[in-house]
Amino acid sequence: MSVAYPSRRRRRGGRGRFPTRLAAGVVAALSLAVGATGGQPASATTRSVAGLSLDNSATTASSTVSTGLSTELSTGSASSVGIAAGTTATIQPVTRASTDTGGTSGTSASPSPSTSTSANQAVQLTVTEVTPPSNGSTVLRISGSVVVQGAQPAGLGVRVDLGAALTSRSKLQQIAAGGAVGSPSISSAASPPLDATGGFTADISVADLIPASGLEVRPVQVRVVGRVNGGALDSRLATVTTFVVLSAPRVAQSQRTPVLTVVPLASKPRLRSDGKLTDNTLAQDIAEGGRLRELLDGVVSSGTTTAALGVDPTLVQALRLMTKEYLYTTPSGTAPPVLDPPDAISFLNKISDYAHRGGTVFALPYGDTDLPALVRADQLDALQYSVNTGQQVIAELLEKPVRAQEGSWTAFPADGLADARTVNALSANGYGTVIVDDQLLPAARGLTYTPSAATTMATATGQVRLLAADHVLADVVADPDGDVDGTQNDPALARFQAELAMITDQAPDRRRLVVLALPRYAAISASWLRTILDTVTTSTYSTGIGLGDATADAKLDATQRTALTYGEAAQAKELPTEYVDRVEEIRDKAYVLGSVFCQPDATPALTTETCLRTRRDPVINTLITGLSAAWRTDSAGGTSLVQQADGAVQEKQSSIRVVGSQMVNLTSSRGRVPVTLENSSDWDATVVVKLSSSDRGRLISATEITRVLKAGQKDQIEIEVDAESAGTFPVDIRLETVDGQSIGPEASARVLVHSTVYGAIAIGITVGAVGVLFAAVLIRLVRRLRARSRSQGAPPDDLPGGPMPADPPGPPAPAPQGPERATLPLRKYPSADAGGHPYPAPPPPPDWFPHHTGGPHHSSDPHHAGGPSHAHDPRHAGGLGHAAGQEHGRAPGHTRDPHHTRDPHHAGGPDLGRAGPWSFGRPAAPAGSTAQPQPQRPDGR
């Protein structure tokens, strides 16, 4: 076709060819769009080509855009896709970049599309088989298919190139991530023909490349070639890179790398505290073709017993529940009971049979708890409960006692994440081996080979062996998208074989352990897992090893790994500390309820152990599963479980209550305050009633009373109080467990006791005050009487002689001159009518009275008037005091004191009606008066 003069031809055929060219342009645009996206439009016609030549004149010329497609065969994230049977080369690969440190610490990068496109076609290359030379063969066989969408190139074919032998795992991973292969060492001479469906098989002789001894790992690049718009035949339309292991005819057994394979059988926790499941997806997982069933069948059908099964105890408990009729919840409520249980019994029996055949079955932490998060939150008791409960559940499954030997247990934390504190905590709980991610134990700087996975770490309780799980191998084996079919010659298997062979080839004279630990929730087929285990145990560069041998062989320990590191990226994956603390608060409440409902006196028909296992432990176990590492990426699932358990705890707490009146009145000094204890639950409860008051002296009841509250019943107690005085004082009542823990907010109350009576102290004070007052009055009266008696100086009125006569009114009489005072005649005072004193004077005292003026019996008495010693005694008639009127007389110018009536010591007064014989100076009674003095006897009568 001439392009210099196209105008004439276009004029001639312009009208006829314009629709054709328009249609061709539309097809080309659609082909370009399809090629760019790697997809197949609904209107596109797909046609397989078998080496056909195409007429380029039918299409518009365009430049060829060809980019090599290299797809990584391993997967490690949701966005990664492995090359598998039926998978085309246009699938987006996962790009990895790692430094040359032994190839064990690559980091994932974002996937980048790598497709081979042109303006009018998209070519898809699929490699389905990579068969390395074996059994004396020297032929490498590559099989696959080619599919072209849109216009087909001329001379379409496939070419296979083998690159130079690799020297490190890092180079291997670089090529797998899309790096350049380099100059090929050998290429297929001619393109293999394509069949009618686009399939091809290329056989390449590698006799010249097989080493005489040892191993070689070579990259294999498969390319689609053809002429596009008259371009060169070598144009690359699509490219896939895989690997092949070339091994010497004989490899010593000692040069084979021991590989420990760990397969976790774990699932997200689904068991609630009320015995229901959160959903019914577990039935699907253990059914034929289910995820867990495929994993277990792959291990069992491999025929090897070197694989170690890490079993989640929560999974075992859920499956035991599913061995009979069970319930599960749905968003709308509880579903009807499942009457036809799935194969839960068969699944559990397979695990037991594998252990009895010699396989290793070890316990994961109960609920697969986030161990580093528990340690960081300082919840070591939760860690201890998780690991110990897990051991107990698996021991019951295997029908053997728990191994109590220190350091005999193996821990496999979720995702292999564990820091130094976590390892210390595990060591303190009897663990001697901990499997961690190898990125936490990187190879030493400058090391050019992969060191052994086994190393030791010193802890506070002894040495612990750390096993570094190779994350690259785990990514290669894992297949989250289900693209790996598990055939013997799958390209993913070729990558896995290349990784293992590369480890051995790096240092064939060093025996090193490799640990292949699958991810927690790996979804791979039984055939694929069986193929991996067969490769490990039968290849010329690896051999299977059991967990016991891997932990006991000290020769496998490595000294080329750094200390355990735990960076911020690993810590960021943990459960939040606030969440862990909240769950622990609820778990503490659940433990308190166990002490309430599982006391021997309240449950005589159940042993304490059985009671705790059936009543308390379901709530505790659910809360422990709320701390599962499964909730790192599913916070809603963990929160739902915790809320359900929290509701069960609160329901039991609120069933134990104290009911009492807010105010109680007392009408006496002592009374009883009634309080009601209520147990609305369906279990008998043992509580301790504790009483207290701010005024402890008023509470006389026992401060602690133990009661067993029957299920659904009430019990009334009476608090004895003593009101010592009027007033109001509080009495606090709270219910506790027998070990002194508070039950809850509903199990406490306050009663105000109001008293309206006086207490004993108040009465005592009042009586005492009255007594003191009475005593004071009595003492005063006694003192007055004594004072009066001393001042009177005379005997009482009842003695003979009566009271002493008082002095007559008027001036005091002079003292008598002789001792015959008692013999003088007595005279009476004038009567009142005559102007005299109305009262007679008293008779003189008898001669025996001490105050007598003399007498034979009182010659020496100083009180006698005539004695020299009483010359100045005012109480005697002849004394100086009476003569001058100083004491009892009347002072000059003063009237007689009316208050001294009947006072015998006064000279005159109202009671003295007559004057004595010594009343000198007083006027005599008038003549004829009746008040004339009458003669008296000497005795005064």
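**Asking why: strands, cores and a surface patch**

User: What makes you say that strand β8 (residues 154–162) and β9 are joined?

Analyst: They share 2 bridges and run antiparallel. Pairing asks for at least two bridges, so β8 and β9 do count as paired. Keep in mind that this is a predicted model. If you want a spot to look at, find Asp161, which stands opposite Ser187 in β9.

User: Which sheet has the order β9-β8-β11-β12?

Analyst: That's an open sheet of 4 strands, with antiparallel pairing.

User: Why are β9 and β12 called edge strands?

Analyst: Each of them pairs on one side only. For β9, that's residues 186–187, and for β12, residues 236–247.

User: How do you know that strand β20 and strand β21 pair?

Analyst: Count the bridges again: there are 6 between β20 (residues 454–459) and β21 (residues 462–469), in the antiparallel sense. The cut-off is at least two, so this pair passes. A hairpin of 2 residues links β20 to β21, and Ala458 faces Gln463 in β21.

User: Why is Leu781 called partly exposed?

Analyst: Its relative accessibility is 45%. Buried would need under 20% and exposed over 50%, so Leu781 falls in between. You'll find Leu781 in helix α18, which covers residues 760–792.

User: What makes Leu781 fit for a nonpolar surface patch with Leu773 and Val777?

Analyst: A patch member needs over 30% relative accessible area, and Leu781 has 45%, so Leu781 clears that bar. Together, Leu773, Val777 and Leu781 make a patch of about 280 Å².

User: Which residues have the most contacts inside the largest nonpolar core?

Analyst: Phe496 and Leu513, in a core of 161 residues. Core members have to be buried, so each of those residues has under 20% relative accessible area. There's also a second, separate core of 28 residues, and Leu140, Val158, Phe200 and Ala238 are among them.

User: Why would nonpolar side chains be buried together?

Analyst: In soluble globular proteins, that is simply what they tend to do.

User: What does Leu513 touch, not counting residues up to four places away in sequence?

Analyst: Its partners include Pro258, Leu260, Pro451, Ile545 and Leu556. A contact means heavy atoms within 4.5 Å, so Leu513 has heavy atoms within that distance of each of these residues.

User: How many of the 941 residues of the protein chain count as buried?

Analyst: 49% of them. The chain has 19 helices and 31 strands, and exposes about 43100 Å², with carbon and sulfur atoms supplying 53% of that.

Methods: Residues are numbered from 1 along each chain as its sequence is written. This is a predicted model: local features need pLDDT of at least 70, side-chain atom pairs count only at pLDDT 80 or more; totals for chains, interfaces and linings use all residues. Side-chain values use heavy atoms; hydrogens and water are left out. Patches are made of residues with over 30% relative accessible area and no salt bridge: like charges are joined within 9 Å, nonpolar side chains (Val, Leu, Ile, Met, Phe, Trp, Tyr) within 5 Å. Accessible areas come from the Shrake-Rupley method with a 1.4 Å probe; for residues, only the protein chains shown count as cover. A salt bridge is a side-chain nitrogen of Lys or Arg within 4 Å of a carboxyl oxygen of Asp or Glu. Buried means under 20% relative accessible area, exposed over 50%, partly exposed in between (1.4 Å probe, protein chains only). A nonpolar core is a set of buried Ala, Val, Leu, Ile, Met, Phe, Trp, Tyr and Cys residues joined through side-chain atoms within 4.5 Å.
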